[in-house]
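Student: I should like to study one part of this protein closely. Would you please take me through a single helix and its surroundings?

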Amino acid sequence: MDRYTVISADCHAGADLLDYREYLDPRYRGEFDGWAKTFVNPFGDLSEPEAERNWNSDRRNAELDSDGIAGEVLFPNTVPPFFPQGSLAAPPPQTAGEFELRWAGLRAHNRWLADFCSLSPERRAGVGQILLGDLDQAVAEVAQIAKLRLRGGVLLPGVAPGTGIPALYAEHWEPLWVACEEAGVVVNHHGGNAGPSPTDGWDSSFAVWVYETHWFAHRALWHLILNGTLNRHPDLTLVFTEQGSGWIPATLESLDVATARYGRPNSAIARFAGSTAGSLPLKPSQYWARQCYVGASFLRPVECAQRHRIGIDRIMWGADYPHLEGTTPYTREALRHTFSDVPADEVAAMVGGNAAAVYGFGLRALAPLADRIGPTVAEVAEPLPVVPADASSTAFEPDPIRAW
């Protein structure tokens, strides 16, 4: 091995707003025309010339080539039809009519994404979207996502408190897990979409949201372990993306202790915990090792140091292109910063091999590209002496413990 095949397990893409029109069911196009005329994009970065990186296939590939990234998993980024903002963090719809229109918008995005991935099929794995307000529609769209060959799988929305939607641990969702397992689609849970929206207007609102948002996304792990979903569906694959990775070892240890207590005969706490969590045949850490992965966006050295506790075969590095906190245009430097003292076989797994296995990338198909653009093993092994002065990625943030 001379060069690494780098596959980012966390990138983002979406159409320019008006380009979604042709992907909408025709009955919604008239309403879309009226809505689009008055829509004001709340994201400055999506109204600037750089926004085209979300949908300009040639520019995107050229920038990824420059960064040494051969493949990418595509989560949403731009605003779909009838959404007030990007779908990952949009507040829930307030009426049945609004809910119907958002479904139309997400279906349009999924169709557009399939076409966008087809422009570079060997290097793109698109993640399709669903809503959870109607279980039957969600199950039907899972089948459609598989039919569209969006091999990135399905994006599982978070359930924020107060929405009236059953929590992910509810038995209500069993048909969804069955559908995902039977269709063979990966279930992805991305940070930023599971907690309350910072809409109360206080100065500290967004700071609190940023601090808490990862924790709300983490909840899906214990919800789907403690309710037996991962036990009942051993072929279900669950990925936690862009929500850090340092939390995983301590969380798994805590869950192992908790389930042991829940299963202890005559334990008082077991009476409160119910029968399912106390009768799981495997430890939560074993379900993690069997079925779960982390999309470890812009992995920092302090997180990489825990790789053996997380599981080297569970970690998938991510660039978060084209976001400001992502590693572009300093991906090569970010890889050196994090992996310079890590054995090459471990680096190869974390920066590409694991993602290839999870999302169905063909390493042979990517080989000619990786042989041309991939960072060399020697390059990554060279420690980074100085962080680029204009690097904005959180990959270069110092260890917070040492900083204090």
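Tutor: The following account concerns one helix and then turns to the nonpolar cores. Please keep in mind that the model is predicted.

Helix α4 comprises the 13 residues 135-147. At 1.5 Å a residue, a helix of 13 residues should span 18 Å, and the end C-alpha atoms of α4 are 19 Å apart, which agrees. The buried residues of this helix are Leu 135, Ala 138, Glu 141, Val 142 and Ile 145. Because these residues cover an arc of only 120 degrees around the axis, they lie on the same side of α4. Asp 136 and Lys 147, by contrast, are exposed on the other side of the helix.

What does the buried side of α4 pack against? Its buried residues pack against two helices, α3 (96-118) and α5 (174-183), and against the strands β3 (124-129) and β4 (153-155).

The two ends of the helix also deserve attention. At the N-terminal end, Asp 134 acts as a cap for α4, with a side-chain oxygen 3.1 Å from the backbone nitrogen of Asp 136. Just after the helix, Arg 149 adopts a positive phi of about 60 degrees.

Let us now consider the cores. The largest nonpolar core has 89 residues, and those with the most contacts inside it are Leu 168, Leu 176, Leu 221, Trp 288, Trp 317 and Phe 339. Helix α3 supplies the largest share of this core, 11 residues. A second, separate core has 21 residues, including Ile 7, Leu 88, Ala 356 and Ile 373.

Technical notes. Residues numbered from 1 in each chain as written. Predicted model: local features only at pLDDT ≥ 70, side-chain atom pairs only at ≥ 80, totals over all residues. Heavy atoms only, no water. Helix = DSSP H or I, 4+ residues; strand = E, 2+ residues; numbered from the N terminus. Expected span 1.5 Å × (residues − 1). Buried < 20%, exposed > 50% of the residue type's maximum accessible area, 1.4 Å probe, protein only. Arc of directions from axis to C-beta. Contact = heavy atoms within 4.5 Å. Polar contact = N/O pair within 3.5 Å; in protein donor to acceptor, adjacent residues only side chain to side chain. Core = buried A, V, L, I, M, F, W, Y, C linked by side-chain atoms within 4.5 Å.
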